[in-house]
Amino acid sequence: MNRIIIFLFTVSCYSNVSLAQSILKLYPTNIPNEIPGPDNEARSDDGVVRISNISIPTLLVYLPPKEKANGIAVVVCPGGGYGINAVKHEGTDVAELLSKAGIAAFVLKYRLPSDKTMKDKSIGPLQDAQQAIKIVRQRAKEWNVNPAKIGIAGFSAGGHLASTAGTHFQKPMIDNSENISLRPDFMILLYPVISFQDDIGHIGSRTNLIGPSPSAELIQLYSNELQVTPQTPPAFIVHAGDDKSVKVENSIRFYEALNKNGISSELFIFPKGGHGFGLINPTSPDRWMDRCLDWMKGNGWF
C-alpha cells in the first residue's frame, strides 16, 4: 500500500504528466543494488521543480501521434548534481518539445546515489540509464521506435549520466540475459558534467556519486572524456562560456576526445547564459533544440 501511495505522489511531481501516456516502474520486481527501506522521496518547487531522495526509479513516456512519429527515441536525464532531479525544465518540458517534433521521449527519474538505499551508490544511476535504454529497445515496435535510433539526453549531472551511458555501455550493470544493446545511438548533452578531474570537474556531483575521497582509479573511470573510444556514439553538446557551476572545459574536452576518435559530433557554445537554462538560453535568440534537430537530420536519423 505504501508503494502505491508513493507512486501516486510521484505522478503528481511531474507538472506535465497529463501530456504523457504513462509512467512505468523501471524494474517490475526487485530493484538491483537496492538496500530495502522506507521511501523518503520528496518534492519542492521554488520556480524549479526538484525531486529528492529518489529510490524508486520510473520512466515517463511521451509518444508522438503515430502519423507524426519519425522513429527516433530519446531518454531524458534531468540534472541536479546527483542530489536531486530537476524534472520540469530539464525533463518534462524537454520531452514535450521532442514529442512535438515526432520523437518519442522518455523522462528518466533515476535513483540518486545514497549509501542508505544502495549497496554501491556509484553504479545506481547508470543501472537506471541502462535499464531505460533496454526497455525502449525491447518495446520499440510497440512505441513506433526504430531500435537503431535511440539516444540519450542529459543536463548537468544528468549529462554526466548520459555520457556515462555512452562510454560505459560495454559493461552491463543490470541483468541483460537477452543481450540487448545498451549503447545509445547518440547523445544530447546540455552543460554536462563530464569530468571528475580536480581541475575542471564538478566536485559536488563527484562527491555525491563516488564519495568525498575517491581513489584515482575511480576518478578516472568516471571522467568520461578519458573513456571515449571509436565505439562511443556521436554527441550534440551545448554549453555556455560563462558557466560558473560546470566549467565549459567539460564539453570542450569531451568534444576533443570524440573528434580524436573519429566520432562526428557538434559542439555549440553560447558566449553567455550561465548554468541550468534548460530549453532556452535567455541571453541569445539561438534555440539549441532547433540546432539539435538539424544535427539529427544531418546525421540521417530523421
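Let's start with one side chain: Phe-268 is buried, since its relative accessible area of 13% falls under the 20% cut-off. Phe-270 is buried as well, with a relative accessible area of 1%. Together Phe-268 and Phe-270 make an edge-to-face aromatic pair, with 4.6 Å from centre to centre and 80° between the planes. Keep in mind that this is a predicted model. Its mean pLDDT over the chain is 93, and 93% of the residues reach 70 or more. Please read residues 1-18 with care: pLDDT stays under 50 there, and the model has 38 contacts beyond four places in sequence for this stretch.

**Aromatic rings**

The model holds eleven aromatic pairs. Another of them joins Tyr-191 and Phe-277, and it is edge-to-face because the ring planes stand at 70°, with the centres 5.0 Å apart. Tyr-191 sits in the loop between strand 9 and helix 5 (203-210), and Phe-277 in the loop between strand 11 and helix 8 (288-298), so this pair ties together parts 86 residues apart in sequence. Both Tyr-191 and Phe-277 are buried. Ring pairs also link a cluster made of Phe-155, Tyr-191, Phe-268, Phe-270, Phe-277 and Trp-288.

**The sheet**

Which order do the strands of the open sheet take? Its eight strands run 1-4-7-5-8-9-10-11, with mixed pairing. Strand 1 (22-25) and strand 11 (266-270) are the edges; each has a single partner strand, so one side of each lacks a neighbour in the sheet. On average, neighbouring strands are turned by 15° against each other, direction ignored.

Strand 5 (residues 73-77) is mostly covered, with five of its five residues buried. Ala-73, Val-75 and Cys-77 point one way from this strand, while Val-74 and Val-76 point the other way. On the side of strand 7, Val-76 has Val-107 as its bridge partner; on the side of strand 8, Cys-77 stands opposite Gly-154. Here are some of the strand pairings, including a hairpin pair:

| Strands | Direction | Bridges |
|---|---|---|
| strand 5 (residues 73-77) and strand 7 (residues 104-109) | parallel | four |
| strand 5 (residues 73-77) and strand 8 (residues 150-155) | parallel | five |
| strand 9 (residues 187-190) and strand 10 (residues 235-240) | parallel | four |
| strand 2 (residues 42-45) and strand 3 (residues 49-52) | antiparallel | four |

Between strand 9 and strand 10, Leu-189 has Ile-237 as its bridge partner. In the pairing of strand 2 with strand 3, Ala-42 stands opposite Ser-52. Three residues lie between the strands of that hairpin, and Gly-47 takes a positive phi near 110°. Helix 4 (residues 157-167) lies across strand 5, strand 8 and strand 9, and runs at about 150° to strand 8.

**The nonpolar cores**

Which residues have the most contacts inside the largest nonpolar core? They are Leu-59, Phe-106, Leu-108, Val-136 and Ile-152, in a core of 55 residues. Helix 3 (residues 124-138) gives the largest share of this core, six residues. Val-136 is a good place to look around: leaving out residues up to four places away in sequence, Val-136 touches Leu-59, Ala-73, Val-75, Phe-106, Trp-143, Val-145 and Ile-150. Another core, of 32 residues, lies apart from the largest one, and Tyr-62, Trp-288, Leu-293 and Trp-295 are among its members.

Key
Residues numbered from 1 in each chain as written. Heavy atoms only, no water. Buried < 20%, exposed > 50% of the residue type's maximum accessible area, 1.4 Å probe, protein only. Helix = DSSP H or I, 4+ residues; strand = E, 2+ residues; numbered from the N terminus. Pairing = 2+ DSSP bridges. Axes fitted to C-alpha atoms, helices over the stretch in contact; angles between N-to-C directions. Contact = heavy atoms within 4.5 Å. Core = buried A, V, L, I, M, F, W, Y, C linked by side-chain atoms within 4.5 Å. pLDDT = per-residue confidence, 0-100. Phe/Tyr/Trp six-rings, centres within 6.5 Å; stacked < 30°, edge-to-face > 60°.
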